[in-house]
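Biologist: I am new to this structure. Could you show me how to read its features, one at a time?

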Amino acid sequence: MTIVKNTCWTIQERPIGREVRESDFALEERAVRDLEDGDILLKARMFGFDPTQKSWMSNMAGYAAPTQIGDIMPGRAIAEVVESRDPAFAPGDRVRGHLGWQMHPVVRAAQLEKISPGVNDENALSILGSSGRTAYFGLVHVGMPRPGDVLLVSGAAGAIGSIVGQLGKIAGCRVIGIAGTQEKCDWIVNELGFDGAINYRTDDVAAQLDALCPDGIDIFFDNVGGAILDLALARISYGARVVICGGISNYERDMSKPEDLPGGPKNYLRLTIQNATMKGYLVHYFSDYNKVADARLERWVSEGRLSHRQDIQTGFENIPATFQRIFKGLNIGKQLLRV
């Protein structure tokens, strides 16, 4: 082994009840441990960022392994194999997985997924990676779209929402997106093919929903929560499906304090009146169907039926600042960083 130092970003403070700060992280060098059978030594190539990582570092996500102060910040990444103690992987192979914010991790082979030669790093961390799978499973398996459905997507210009809307069009839905800038609204309509867009910062959202969804909302795919969720629930149609993927509007609350918990949806009884459902999910619940989802997503991308956009920053030293971009609404599409 020729690599002996692993540069990494570690957790120094938990951003509970506030925004993420660069001072929440520290840049460190740690020794690379000796490899054992089944270990793989990697060199990072690209990192992906998602809002839920804030809950991982704050131990607010019950499905994720708890973190400690001083731990390497968890996150998804793509890396190249440097040295392998597993016959399934060879030097030069590209892999993806939960590798954390580190340059030279040593991980078990079972934690890694090999990337096909025809898939580039950007797509492997976005539309042909966890973002694409999350969008696909949430809409197809939970939202269950039918031709003619009205699909409303919040966070529609984000990594997942932008894919959900396009999948809805493929399924024959009429798609309306909610985003936070005019640039984002123009992008999802003019380039992605959404049927309409609402700028929640400048538009009267309630009035626009009434105008764009006069017969109600059949599927609401929610990445935001809060007031937007309430407005959508007030307008669901009979048999509607509400898909809860995320709630970025609440990510700066301290969920450990009862007084800081978000209020429940005021319009939840509409679910009863309209014989509707509201269901949350995580992408790994559907891992048995990964191959089906991947094949369909790859085909639709190759056919030009799925467009995608990534916000790519550069430089390992810029990882914390890149992570902040998500919460400032600066990214369009998937937030990535190339080493």
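Modeller: Let us begin with one side chain. Keep in mind that this is a predicted model. Arg 18 is buried, at a relative accessible area of 13%. The cut-off for buried is under 20%.

Biologist: Where does Arg 18 lie?

Modeller: Arg 18 sits in the loop between strand 1 (5-11) and strand 2 (25-31).

Biologist: Which side chain does Arg 18 join in a polar contact?

Modeller: That of Asp 24. The polar contact between the two side chains is 2.7 Å.

Biologist: Let us step back to the whole chain. How many helices and strands are there in the protein?

Modeller: The protein has 10 helices and 15 strands. Its radius of gyration is 20 Å, close to the 20 Å that the globule rule gives for 339 residues, so the protein is as compact as a globular protein of that length. The C-alpha trace spans about 65 × 50 × 35 Å along the principal axes.

Biologist: What percentage of the residues is buried?

Modeller: Of the 339 residues, 52% are buried. Contacts tell us about the chain's path too. Take those between residues at least 6 apart in sequence: 68% of them join residues at least 24 apart.

Biologist: Now a helix. How should I read one?

Modeller: Start with the general idea. An α-helix has 3.6 residues a turn, so residues three or four places apart point the same way. Now the case here. Helix 9 covers residues 290-302. At 1.5 Å a residue, its 13 residues should span 18 Å, and its end C-alpha atoms are indeed 18 Å apart.

Biologist: Which residues of helix 9 are buried?

Modeller: They are Asn 290, Ala 293, Asp 294, Leu 297, Trp 300 and Val 301. Seen down the axis of helix 9, these buried residues fall within an arc of 140°, so they line one face of the helix.

Biologist: Which exposed residues does the face turned away carry?

Modeller: Lys 291 and Ser 302 are the exposed residues on that face of helix 9.

Biologist: What do the buried residues of helix 9 pack against?

Modeller: Two strands and two helices, by name: strand 5 (94-98), strand 7 (113-114), helix 3 (130-143) and helix 4 (161-170).

Biologist: Which glycine follows helix 9?

Modeller: Gly 304 follows helix 9, and its phi is positive, near 80°.

Biologist: What is the general rule for the sign of phi?

Modeller: Most residues other than glycine have a negative phi. This model has exceptions to point at. Met 144 is not a glycine, yet its phi is positive, about 50°. Met 144 lies in the loop between helix 3 and strand 8 (150-154). With a relative accessible area of 46%, Met 144 is partly exposed.

Biologist: And what is the phi of Asn 275?

Modeller: Asn 275 also has a positive phi of about 50°, although it is not a glycine. Look for Asn 275 in the loop between helix 8 (270-273) and strand 13 (277-280). Asn 275 is partly exposed, at 48% relative accessible area.

Biologist: Charged pairs next. What is the general idea?

Modeller: Side chains of opposite charge can pair when their charged atoms come close. A search of the whole structure finds 24 salt bridges. One of them joins Glu 80 and Arg 45, whose closest N and O atoms are 3.2 Å apart. That pair links distant parts of the chain: Glu 80 is in strand 4 (residues 76-84), Arg 45 is in strand 3 (residues 39-49), and they are 35 residues apart.

Biologist: Are Glu 80 and Arg 45 buried or exposed?

Modeller: In between. Glu 80 is partly exposed at 31% relative accessibility. Arg 45 is partly exposed too, at 29%.

Biologist: Which residue forms a salt bridge with Glu 122?

Modeller: Arg 338 does, with the closest N and O atoms 2.4 Å apart. This pair also links distant parts of the chain: Glu 122 belongs to helix 2 (residues 121-124), Arg 338 to strand 15 (residues 334-338), and 216 residues separate them. Glu 122 is buried, at 15% relative accessible area. Arg 338 is partly exposed, at 33%.

Biologist: Which residues do salt bridges with shared partners join into one network?

Modeller: Arg 45, Glu 80, Arg 94 and Asp 121 form that network.

Definitions and conventions:
Residues numbered from 1 in each chain as written. Predicted model: local features only at pLDDT ≥ 70, side-chain atom pairs only at ≥ 80, totals over all residues. Heavy atoms only, no water. Helix = DSSP H or I, 4+ residues; strand = E, 2+ residues; numbered from the N terminus. Expected span 1.5 Å × (residues − 1). Buried < 20%, exposed > 50% of the residue type's maximum accessible area, 1.4 Å probe, protein only. Arc of directions from axis to C-beta. Contact = heavy atoms within 4.5 Å. Polar contact = N/O pair within 3.5 Å; in protein donor to acceptor, adjacent residues only side chain to side chain. Salt bridge = Lys/Arg side-chain N within 4 Å of Asp/Glu carboxyl O. Rg over C-alpha atoms; globule rule 2.2 N^0.38 Å.
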